[in-house]
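Biologist: Let us go through this model and test its labels. I will ask for the reason behind each one.

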Amino acid sequence: MSDDYDSPWKEVVMHHFPEFMAFYFPQAHAQIDWSLPHVFLDQELAALSRDAELGKRLLDKLVSVRKLNGDEQWVLVHLEVQGWRDADFAERMFIYNYRVYDRYRHPVASMALLTDENRHWRPTGFGWQQLGCTMQLDFPIAKMQDYAYVIPDLASQENPFALVSAAHLLAQNTRNDAHRRRIAKWKLTKMLYERDWDRQRIIDLYRVMDWIMRLPPALEQRLRSGIVELERRTDMTYLSSIERIGMENGIKKGMEQGLQQGLEQGLEQGLEQGQRRGCAELLSLMLKARFGPLSLPVQIMLEDAPADLLNQWAKNFVHADSLDAVFRTE
């Protein structure tokens, strides 16, 4: 099985950005005024980084924040999460930094979390000196492998990114041993249930762990049976949400009933059998699992849509990252 770190990192960074900064970049976190809103500018960053030659990235974020020093000027945090060694990475950090500054004319703070398995690869700057001119970008990094020796200690920390880091490292350590991964995932799940966190945070963190620590269908079912038993012995009831997560992730992972081939095939079969309404309900369920509660206009649109349009939306859903992407018709 290939491990996909892209989607879970995007989700967890978006939902828990202050905690992300506190865990991996505590010095920067201490200078930011978290009482004021921070704004993600992902579309703007995408527009500045369309060049194919800049290479594939695991994750990049651009966030507007305010500092605690009372300065009215906002600062742009340019964040990269890099999952493999790349000889051009430092140069790319430099390019994005000056492109963002050129676009906004505001201070830009670039930083990187390196989640690869090479302990020695640590790019921290890019620049040159020529004819008396100096150009230099130095940026802080956090190295995931630095936590590899303290995985047991991570479980006792309150910051959610301690558990995310543990899941990431254990996923790397058990890449070729699904049974060890199931045991590690089960232990992390129990630790997550023991946290005194609100319901939504626990669900968010489980979704990330589930995405990172993929299991074959049989072992995944065994894990889920354990979760059922765990909830029977406690007052915690997250299973309905976790079941929805399982259906959502099933489309991405090909788990349980061949969902890797997607909702598309399931809907096509349903449409062939004349079950248009059932297909609309299934698509609605999957949309809620991925994007949250649906507005009334969207619900009406699903109920009234003809079979061919439902079929098109099902095809779009497989790779869609937004409702707009699902409902496009071109």
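**Reasons behind the labels**

Modeller: Helix 8 and helix 9 run roughly antiparallel to each other. The model is a predicted one.

Biologist: Why are helix 8 and helix 9 called roughly antiparallel?

Modeller: Their axes cross at roughly 175 degrees. Angles over 145 degrees count as roughly antiparallel, so the label holds. The axes of helix 8 (residues 178-194) and helix 9 come within 11 Å.

Biologist: Which residues meet between helix 8 and helix 9?

Modeller: Helix 8 brings R181, K185, L188, T189 and L192. They meet I202, L205, Y206, M209, D210 and I212 of helix 9.

Biologist: What makes helix 9 largely enclosed by the rest of the structure?

Modeller: Twelve of its 14 residues are buried, so the description follows. Among the buried residues of helix 9 are R201, D204, R207 and W211.

Biologist: How do you know that the span of helix 9 agrees with what it should be?

Modeller: Helix 9 covers residues 199-212, which is 14 residues. The expected span uses 1.5 Å times one less than the number of residues. That should give 20 Å, and the end C-alpha atoms are 20 Å apart, so the two agree.

Biologist: What lies at the start of helix 9?

Modeller: A side-chain oxygen of D198 is there, within 2.9 Å of the backbone nitrogen of R201.

Biologist: What makes helix 7 mostly covered?

Modeller: Of its 14 residues, 13 are buried. From first C-alpha to last, helix 7 reaches 20 Å, close to the 20 Å expected. At its start, a side-chain oxygen of N159 comes within 2.9 Å of the backbone nitrogen of F161.

Biologist: Which residues have the most contacts inside the largest nonpolar core?

Modeller: W9, F17, F20 and Y24 do, in a core of 51 residues. Helix 7 (residues 160-173) gives the most to this core, with nine residues. Another core, of 15 residues, lies apart from it and includes A280, L310, W313 and F327.

Biologist: Now D86. Is D86 buried or exposed?

Modeller: D86 has a relative accessible area of 17%. Buried means under 20%, so D86 counts as buried. D86 sits in the loop between strand 3 (74-82) and helix 5 (89-104).

Biologist: What makes the pair D86 and R92 a polar contact?

Modeller: Their side chains are joined at 2.9 Å. The cut-off for such a pair of N or O atoms is 3.5 Å, so the distance fits. Beyond its neighbours within four places in sequence, D86 is in contact with R92 and W121.

Definitions and conventions
Residues numbered from 1 in each chain as written. Predicted model: local features only at pLDDT ≥ 70, side-chain atom pairs only at ≥ 80, totals over all residues. Heavy atoms only, no water. Helix = DSSP H or I, 4+ residues; strand = E, 2+ residues; numbered from the N terminus. Buried < 20%, exposed > 50% of the residue type's maximum accessible area, 1.4 Å probe, protein only. Polar contact = N/O pair within 3.5 Å; in protein donor to acceptor, adjacent residues only side chain to side chain. Contact = heavy atoms within 4.5 Å. Core = buried A, V, L, I, M, F, W, Y, C linked by side-chain atoms within 4.5 Å. Axes fitted to C-alpha atoms, helices over the stretch in contact; angles between N-to-C directions. Parallel < 35°, antiparallel > 145°, perpendicular 65-115°, else oblique.
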